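Work through these short exercises with the model open beside you. Try each task before you read its solution.

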Amino acid sequence: MQRLYEAQAYDTGQWPDSHWARTAPPLLPCPPLTGHEKAEVAIIGAGYAGLNAALELAERFDTRAMVLDAGQPGWGASGRNGGFACAGGTKLNDAAIARRCGADGLAAFHDFQNAAIARVADNLHRYGIDADRGPEGELLLAHSARAWARMQREAPAAQLRDRDALRREGLFAPGFHGGVLQPQGFPLHPLKYARGLAQAALNAGVRICGDSPVTGLARAGHGWRLTTPQGQLDARRVLVATNGYSADDLPPWLRGRYMPALSCIMVTRPLSTQEQAAQGWTGQVMAYDSRHLLHYFRLLPCGRFLFGMRGGLSADPVRLRVLEAEARRHFERLFPAWAHVETESRWSGLVCLTGSLAPFCAEVPGAPGLFAALGWHGNGVAPASEGGRRIAAAMAGQPNPAPALMQMVPRRFPLPRLRRLWLRLAYAGLALRDGPVRAAPAPAQGGRKA
Ligand SMILES: Cc1cc2nc3c(=O)[nH]c(=O)nc-3n(C[C@H](O)[C@H](O)[C@H](O)COP(=O)(O)OP(=O)(O)OC[C@H]3O[C@@H](n4cnc5c(N)ncnc54)[C@H](O)[C@@H]3O)c2cc1C
């Protein structure tokens with residue numbers, strides 16, 4: 001298969017040594033596809049998108065899909081993310097979305113984002129998934145005076161938090177100038193959520209075939225034939241829900257339209273209550289900063305601290321260690337009172353951008369019966385869950401309920417083979433715009449010391 005990163009990034013023989021893998025209950029292994037089978041619907045990818053699509057097809061449309069994953073359910077980003085169930089899914093701002101699909105299209109996308117968060121909450125409730133759900137809200141922290149000034153201009157006053165307020169609320173780190181506490185979203189244990197969805201799908205009669213990498217996808221009669229190392233599956237309709245783990249030739253239409261990008265996470269040992277207080281960070285609200293190459297972090301219910309960062313251009317183990325060391329340096333600068341606290345686990349995974357900076361959730365043009373739902377731009381816990389639900393309705397023959405933005409075919413990146421080079425250049429430019437990661441705000445230009 002034609003993929004963008006080193007083979008290690010796709011090695012489903014191993015789970016990342018993540019805090020999540022260490023603390024999630026095991027799912028009964030899903031045996032591989034063997035022999036020649038038939039199904040109405042085949043789904044490639046058992047992450048949030050694929051599993052939600054399978055659940056929707058079973059529950060609303062009485063269709064039992066077969067889900068194939070190269071690993072076990074949740075092996076991809078769905079089992080290794082930061083657990084922020086929040087709005088997102090695109091790199092476009094509101095003005096750009098409105099230019100592309102009008103005011104109605106923008107409103108529909110906002111509705112989708114809200115529905116996506118509600119969907120995750122509903123899934124947890126409906127299937128009785130105990131995924132360590134945390135407090136409501138998401139804190140955006142200003143990494144520069146300019147970012148803080150912009151927040152003060154644009155955010156509702158009730159959501160603004162200056163440094164004193166952050167300290168009072170137990171969400172203080174010296175490198176930030178202030179923040180906006182948005183009310184939407186909540187944190188969860190991502191792998192408990194993914195495995196809970198997989199269990200719910202199995203309970204609903206869905207067949208999940210683990211260790212079944214789809215290596216071939218071709219038209220066959222009125223449908224499609226999927227080939228795996230040990231089997232074949234004929235299905236009338238197929239969903240590609242492979243996101244950052246996609247391949248350029250599965251299907252070839254995808255070639256160059258998506259860009260996987262690495263994100264890495266470290267989790268500390270449990271922090272004592274004194275250590276938490278020493279830093280001024282005692283709350284469990286999820287938080288991220290206003291950098292383009294953003295950091296995201298939160299205190300877990302067990303007292304460990306999760307710190308994540310985008311960046312990195314290689315899944316080669318040696319290069320990954322370099323990325324992890326950089327993440328650790330940033331952590332120590334932003335949370336200096338914890339510089340002595342050991343890292344307990346670290347891992348990385350692939351998110352997925354598209355050539356049009358928005359998700360795609362529709363039938364593949366020129367390929368009747370072939371659908372795709374992917375491109376969540378690093379924010380897929382909620383959007384991939386809702387996207388999977390909406391694409392299921394389209395696959396069941398209903399008008400596609402995904403917002404217009406998500407039905408627009410992603411452009412190809414120019415010279416797609418050079419995608420990692422484009423990413424390198426983009427990261428270099430964004431890092432320059434972000435400026436250095438500092439432990440404390442720089443004094444204002446021309447300002448006097450008190
Ligand atoms: C480190 C990290 C941190 C993140 N943090 C957050 C966060 O805090 N909040 C948030 O909203 N989002 C976050 N994300 C993004 C989020 O995890 C993803 O957007 C979301 O999980 C995507 O779900 P998915 O089902 O589309 O894809 P995935 O969960 O990636 O699933 C794709 C599946 O497809 C399978 N697959 C691929 N190719 C084949 C094939 N040929 N045959 C069979 N199976 C195949 C893979 O094995 C994989 O299991 C993070 C991602 C990473 C990597």
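**Exercise 1: Two hairpins**

In the hairpin of β9 and β10, two residues lie between the strands, and Gly221 there takes a positive phi near 60°. This is a predicted model, where local features need pLDDT of at least 70, side-chain atom pairs count only at pLDDT 80 or more, and totals for chains, interfaces and linings use all residues. Residues are numbered from 1 along each chain as its sequence is written, and side-chain values use heavy atoms, with hydrogens and water left out.

Task: Find how many bridges join β9 to β10, and in which sense the strands run.

Solution.
- Step 1. Locate β9 (residues 216-220) and β10 (residues 223-228). Strands (E, at least two residues) and helices (H or I, at least four) are DSSP runs, numbered from the N terminus.
- Step 2. Count the bridges: five join β9 to β10, and the strands run antiparallel. Two strands pair if DSSP finds at least two bridges between them.
- Step 3. Check the partners. Leu217 stands opposite Leu226 in β10. Gly216 stands opposite Thr227 in β10.
- Step 4. Move on to β11 (residues 231-240), which pairs with β10 in the antiparallel sense over five bridges. A hairpin of two residues joins β10 to β11. Here Thr228 has Gly231 in β11 as its bridge partner.

**Exercise 2: The open sheet**

Task: Explain why β5 and β16 each have one side without a neighbour in the sheet.

Solution.
- Step 1. Write down the strand order of this open sheet of eight strands: β5-β6-β4-β13-β14-β15-β12-β16, with mixed pairing.
- Step 2. Look at the ends. β5 (160-162) and β16 (343-354) stand at the edges with a single partner strand each, so one side of each lacks a neighbour in the sheet.
- Step 3. Follow the twist: on average it is 20° from one strand to the next. Angles run from 0 to 180 degrees between N-to-C directions, and axes are lines fitted to C-alpha atoms, for helices over the stretch in contact.
- Step 4. Pick one pair. β4 (residues 138-141) and β13 (residues 286-289) are parallel and share four bridges. Leu140 has Tyr288 in β13 as its bridge partner.
- Step 5. Add a helix. α8 (residues 317-334) packs on the sheet and touches β12 (258-268), β13, β14 (295-299), β15 (305-310) and β16. Touching is contact, meaning heavy atoms within 4.5 Å. The direction of α8 makes about 120° with that of β15.

**Exercise 3: One helix, two partners**

Task: Classify how α2 lies against α6 and against α9.

Solution.
- Step 1. Take α2 (residues 48-61) and α6 (residues 190-203): their axes come within 9 Å and cross at roughly 30°. That makes α2 roughly parallel to α6. Angles under 35 degrees count as roughly parallel, over 145 as roughly antiparallel, 65 to 115 as roughly perpendicular and the rest as oblique.
- Step 2. Sort the residues of this contact: ten are nonpolar, one is polar and none is charged. Ala, Val, Leu, Ile, Met, Phe, Trp, Tyr, Cys and Pro count as nonpolar, Asp, Glu, Lys and Arg as charged, and the others, Gly among them, as polar.
- Step 3. Now take α9 (residues 381-395): the axes of α2 and α9 come within 7 Å and cross at roughly 40°. The two helices α2 and α9 are therefore oblique to each other.
- Step 4. Sort again: the contact of α2 with α9 has eleven nonpolar, three polar and four charged residues.
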